[in-house]
Amino acid sequence: MSVLEVGTVVAERTVELSRESLVRYAGASGDFNPIHYRDDVAARVELPGVLAHGMLTMGLAVETIVEWLGDSGRIVEYGVRFTRPVVVDAEHGATLTVTATVGAVDTETARIDLTVKHDATVVLGKAQVRVRTAA
């Protein structure tokens with residue numbers, strides 16, 4: 001890892017989600033809430049559509065920095081606020097964009113701020129990852 005400066009973008013990526021992605025995640029996580037795969041249930045509870053699991057969105061976001069880090073074991077702390085839902089259209093799916101920017105640096109760690117958007121809307125607020133800067 002090179003010298004880190006606040007404001008430097010260290011990683012970016014785009015992730016495509018489909019309804020199949022949601023079903024696979026439900027199977028892996030055990031979260032079979034039908035708002036994550038059934039339009040009729042989502043409509044019945046007045047949601048804007050079938051929603052991606054919040055923890056799926058959170059996991060995809062932090063995964064963005066793993067290649068840059070070289071070792072996911074360097075992640076010390078990670079937290080987010082779920083601010084907006086990610087609606088996954090049956091035909092077109094959903095696109096997430098993630099930008100990881102250095103937010104703060106101290107002697108042993110750095111705070112990486114993740115900007116996670118669906119369309120032009122930020123869906124995770126205060127998404128911050130504290131990482132060890134020395135291996």
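This note sets out, point by point, what may be read from the predicted model shown above.

1. Overall architecture. The protein contains 4 helices and 5 strands. Followed along the sequence, these elements appear in the order β-α-α-α-α-β-β-β-β. The C-alpha atoms occupy a box of roughly 50 × 30 × 20 Å along the principal axes.

2. Burial and surface. The protein has 135 residues, of which 37% count as buried. Its exposed area is about 7600 Å², and carbon and sulfur atoms supply 49% of that area. Among contacts with a separation of 6 or more, 64% link residues that are 24 or more positions apart.

3. Annotated region. An unreviewed UniProt entry places the feature "domain: MaoC-like" at residues 9-106. Within residues 9-106 the chain is 32% helix and 30% strand. The C-alpha atoms at the two ends of this stretch are 17 Å apart.

4. Pairing of strands. Strand β4 (residues 109-118) pairs with β5 in the antiparallel sense, over 9 bridges. In this pairing V116 stands opposite L124 of β5. Strand β5 (residues 121-132) is also joined to β2 (residues 75-82) by 6 bridges, and these two strands likewise run antiparallel. Here I75 stands opposite V131 in β5.

5. The hairpin. Strands β4 and β5 form a hairpin with 2 residues between the strands. In this hairpin D119 takes a positive phi near 60°.

6. The nonpolar core. Which residues touch the most other members of the largest nonpolar core? They are L17, I65, V86, I112 and L114, in a core of 32 residues. The elements giving two or more residues to this core are β1, α3 (54-63), β3 (94-105), β4 and β5. As a general point, nonpolar side chains tend to be buried together in soluble globular proteins. Apart from its neighbours within four places in sequence, I112 is in contact with a set of residues that includes V10, I65, W68, V102, V129 and V131.

7. Residue T109. This residue lies in strand β4. Is T109 buried or exposed? T109 counts as buried because its relative accessibility is 13%, below the 20% limit for that class. The side chains of T109 and R130 are joined by a polar contact of 3.2 Å. Setting aside residues up to four places away in sequence, T109 touches R130, V131, R132 and T133.

8. Residue T8. This threonine is found in the segment before β1 (9-17). T8 has a relative accessible area of 34% and is therefore partly exposed, since that class lies between 20% and 50%. Beyond neighbours within four places in sequence, T8 is in contact with A100, T101 and V102. T8 and T57 are 49 residues apart in sequence, and their C-alpha atoms are 23 Å apart in space.

9. Residue H53. Where is H53 found? H53 is in the loop between α2 (39-44) and α3. H53 counts as buried because its relative accessibility is 1%, which is under the 20% limit. Leaving out neighbours within four places in sequence, H53 is in contact with L22, Y25, A26, D31 and H36.

Note on methods:
Residues numbered from 1 in each chain as written. Predicted model: local features only at pLDDT ≥ 70, side-chain atom pairs only at ≥ 80, totals over all residues. Heavy atoms only, no water. UniProt positions renumbered as here; feature names shortened; annotations may be inferred. Pairing = 2+ DSSP bridges. Buried < 20%, exposed > 50% of the residue type's maximum accessible area, 1.4 Å probe, protein only. Polar contact = N/O pair within 3.5 Å; in protein donor to acceptor, adjacent residues only side chain to side chain. Contact = heavy atoms within 4.5 Å. Core = buried A, V, L, I, M, F, W, Y, C linked by side-chain atoms within 4.5 Å. Areas by Shrake-Rupley, 256 points an atom, 1.4 Å probe, with all protein chains shown as cover.
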